[in-house]
Structure formats: C-alpha cells, structure tokens
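Notebook open, coffee within reach. I want to walk through this fold from the inside outwards and jot down what I look up.

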Amino acid sequence: MQLEILILGGTRFLGRFLVNAARKRGHHVTLFNRGNNGDIFPEIEQLKGDRDGDLQVLKGRKWDAAIDTSGFIPRTVSKSCQLLNHVNHYTYISSISVYKDPSKPGLDEQAEVHTMDNEEVEKIIHGTAGPIYGEYYGPLKALSEKAAEKELPGKILVVRSGQIVGPYDYTDRLPYWIKRLSEGGEVLSPGRPNRPIQVIDVKDLARWVIQLIEQNVTGTFNAVGPDKTLTMEQLLKECKRVSGSDATFTWASEKFLLDNNVEPWGEMPLWIPEEYPLPGAEKPWNGFLAVNNKNAMNTGLTFRPLSETLKDILDWEQNRPQGHERKTGIDRQRENKLLKEWHETNK
C-alpha cells in the first residue's frame, strides 16, 4: 500500500536516505523545510516554511505519516505535532544523548533520561529553534520526545539514534578516519585499541524506519550498530583495508592525549575517554558507545557489512570539493608533532 509521507527536513543527511528508502518502497514523499537545498530532489514537492514560525503551508494538507528529522527543541516539535494531528504515525528522530547516565554499558530504552525544569528550558531556547549542541542537546531531545507523545499519544515512534555514518555525513567523524587512513603513513590513534565503538549506516537506519512506519510500529528504540562488538582497532583497520593504504597505527594513551589538550570526539573523532570523565561529567562515558540495541534488532533492524559502509564514505569523500571546511579531525601538522612527542616520551 502506498503511503503519503511528510518528512520535516529531508535534504541534509538522514533525510536524503529516508526519501530514497521511502520511494524505493513505492511511497509518495513530500518535504517541508526552509528551502536551503532546493537543488536536492527537484522532482519532489518541497513545501517551504519555518517550523518555529511559518507552518501555514502545511495547513489543509493530509499525510499518512510524518518523519521529524529536524526537531531539536520541544516547542517546535509540539507545534508540528499539533498541526499534523491527523497523521496515523509520527516518527521522531532522537538520540542516545538523552540518557542521563552514559557511564553504564548496555543502556536500554528503560534507562533514565535527562530532564530540565521549564524555566531553564525557556532560558536556553529563547530566540532559537536549534540545534543546540553540548550539554543541553540530550535534555532538549528527551523533552522533545515527551512533547511529541503528549500531542500525539499512541502514534509516536521514537528513534534514539547513535552515531549515524555514510555519505553526506556533515559531522565529518568517520569521514575523517577514512580519509586519514587513505593517506597512509603513521596515524595517531586514541586510547585502547579494543575499546568498543558503535556506528550505524544511514542506509540501514532509513530502511528500518520506513519498515516500521509501514507496520505502524510505535514506541522507543535504540538505533545503534552493529549487531556484535566492534572495536576501534577493527574499525580503523577496515578503513585501511578498504582504502588500500600503507598506514600504521600508533596508539597513544588517554593521559597523553588529554595532557596535550587533544579534544575527544572533536579533534579526535569517535574517541571518548574510558579512564577519565569528560568536562562536567562525574564518570567516564563508558556506556555511550556500548548501548543495547536488541529491541531494534527484534523489529527488523539489520546491518550491512562494515566494508560496504566504508566504501560508500570513501567514494563520497574522494568526490568532495577541494578545500571544504571540516568540522572535526586533528590537523596533520599537530598530529605529526604529537607523534614525535609520544615517541620521545616512550623510548
């Protein structure tokens, strides 16, 4: 049965693949966004507006399902749900950042999530529709989940995604590693090689979300991958193999990296210290990349081979415009300096 699906967003990263997955299944897709990427999917109807202000273009229209990829604060999620109260199914793309205590491996959907009082929320979101990153990202996502369920009780699918990877990944985290490994040479690598890492291919995520919409599945699911333990060393070695490089790995201790002010997750992508808490945290986030995904797998979430994911990213990376600004990753000159210092202190 063909569904009429509205995607709020739809042109940046996950939205692109949701469009592709829905159309592949024969569904009709409409996009609602600010029109900043109108050259993407020119053949699809794109309704222009601002979800924090001008939603007029949505009035009087009907869809079977809506997918919210761009809701970062409770206010905008509430507004969208109120206007789309006719839909049978509403998917809210959330994040594993909602969990209050990411120090514990194996977090499932019943784990406690962040909250904030209304006064603090209003102070933080005043004058913006988001996204708001840093310490407030998780709490605002958690409150947005609640806002959606309040407006559309029994119709909400909450997808708490982990690190989504694939072509058009604007975070540059895994793209940094595949590019760096493809360049070869000695590579500064963070912490313990066998620490766990979780990533989910955007194609797997999109296909699964559309499948759940077709089945009218509601509830909350952790969307992380893969289906078995993946270590940082395995990930980087596969990057090396796929890119055919001669790279070698130098695993520097967490203490050395932190003593040299190497920023976890940003300057050193996909690294969160196991031995030390992040600034403002009481304990290391040893559960953030070790989340329980059994419920999602039981509803049909499957995973492509890691090599296919990395090949897709490498192909995209090699065709990106020269000189584009990267959001994450360590400068090559600084990397070489740190490698030299590491060797000198570990003779």
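Before I list neighbours, one cut-off: I call two residues in contact when they have heavy atoms within 4.5 Å. I also keep in mind that this is a predicted model.

**Entry 1: the core**

I started with L188. Setting aside neighbours within four places in sequence, I found L188 in contact with W177, T250, A252, L257, M268, I330, E335, L338 and L339. I then looked up the largest nonpolar core, which has 46 residues. L188 is among the residues with the most contacts inside it, along with L174, W177, M232 and L270. Which elements supply at least two residues each to this core? I noted α5 (173–183), β8, α7 (232–243), β13 (248–252), α8 (254–259), α10 (306–318) and α11 (332–345). Another core lies apart from this one; it has 36 residues, including V19, A21, I67 and L301.

**Entry 2: strand β8**

Next I checked β8 itself. Is this strand mostly covered or mostly open? It is mostly covered, with 4 of its 5 residues buried. I see β8 running parallel to β13, and 5 bridges join the two. On β8's partner strand β13, A252 stands opposite P190.

**Entry 3: an arginine without a bridge**

Moving on from β8 (186–190), I reached R195, in the loop that leads to β9 (196–197). R195 is buried, yet I found no salt bridge for it. How far away is the nearest side chain of opposite charge? That side chain is E274, at 5.6 Å. For a salt bridge I require a side-chain nitrogen of Lys or Arg within 4 Å of a carboxyl oxygen of Asp or Glu, so this pair does not count. Leaving out residues up to four places away in sequence, R195 touches P190, L230, T231, M232, L270, W271, I272, E274 and L289. M232 and L270 were already in my notes as residues with the most contacts inside the largest core.

**Entry 4: salt bridges**

I searched the whole structure and got 29 salt bridges. I picked out three for a closer look.

- R180 and E335 meet with their side chains at 2.9 Å, N to O. R180 lies in helix α5 and E335 in helix α11, so this pair ties together parts that are 155 residues apart in sequence. Both ends are buried: R180 has a relative accessible area of 3%, and E335 has 0%.
- R326 and E317 meet at 2.1 Å, N to O. R326 is partly exposed at 26% relative accessibility, whereas E317 is buried at 7%. Following shared partners among the salt bridges, I also traced one network that joins K179, R180, E183, R332 and E335.
- K228 and D227 meet at 3.8 Å, N to O. K228 is exposed, with a relative accessible area of 61%, and D227 is partly exposed at 47%.

**Entry 5: helix α1**

I went back to the start of the chain for α1, residues 14–24. This helix is mostly covered, as 8 of its 11 residues are buried. Which ones are they? I listed L14, G15, R16, F17, L18, V19, A21 and A22. V19 and A21 also turned up in the 36-residue core. The cover over the buried residues of α1 includes β1 (4–8), β2 (28–33), β4, β5 (89–95), β7 (164–165) and α6 (202–214). After the helix comes G26, with a positive phi near 90°.

**Entry 6: a loop aspartate**

D64 sits in the loop between β3 (46–48) and β4 (65–68). At 27% relative accessibility, D64 counts as partly exposed. What does D64 touch, beyond residues up to four places away in sequence? My list reads Q2, L3, E4, V87, N88 and H89. Q2 is 62 residues from D64 along the chain, and their C-alpha atoms are separated by 9.6 Å.

**Entry 7: backbone oddities**

Most residues other than glycine have a negative phi, and most peptide bonds are trans. I looked for exceptions.

- Y168, in the loop between β7 and α5, has a positive phi near 70°. Y168 is partly exposed at 35% relative accessibility.
- N261, in the loop between α8 and α9 (294–298), has a positive phi near 60°. N261 is exposed at 65%.
- G225 and P226 are joined by a cis peptide bond, with omega about 0°. P226 is in the loop between β11 (219–223) and β12 (230–231).

Definitions and conventions: Residues numbered from 1 in each chain as written. Predicted model: local features only at pLDDT ≥ 70, side-chain atom pairs only at ≥ 80, totals over all residues. Heavy atoms only, no water. Buried < 20%, exposed > 50% of the residue type's maximum accessible area, 1.4 Å probe, protein only. Lys, Arg positive; Asp, Glu negative; His and termini not counted. Core = buried A, V, L, I, M, F, W, Y, C linked by side-chain atoms within 4.5 Å. Pairing = 2+ DSSP bridges.
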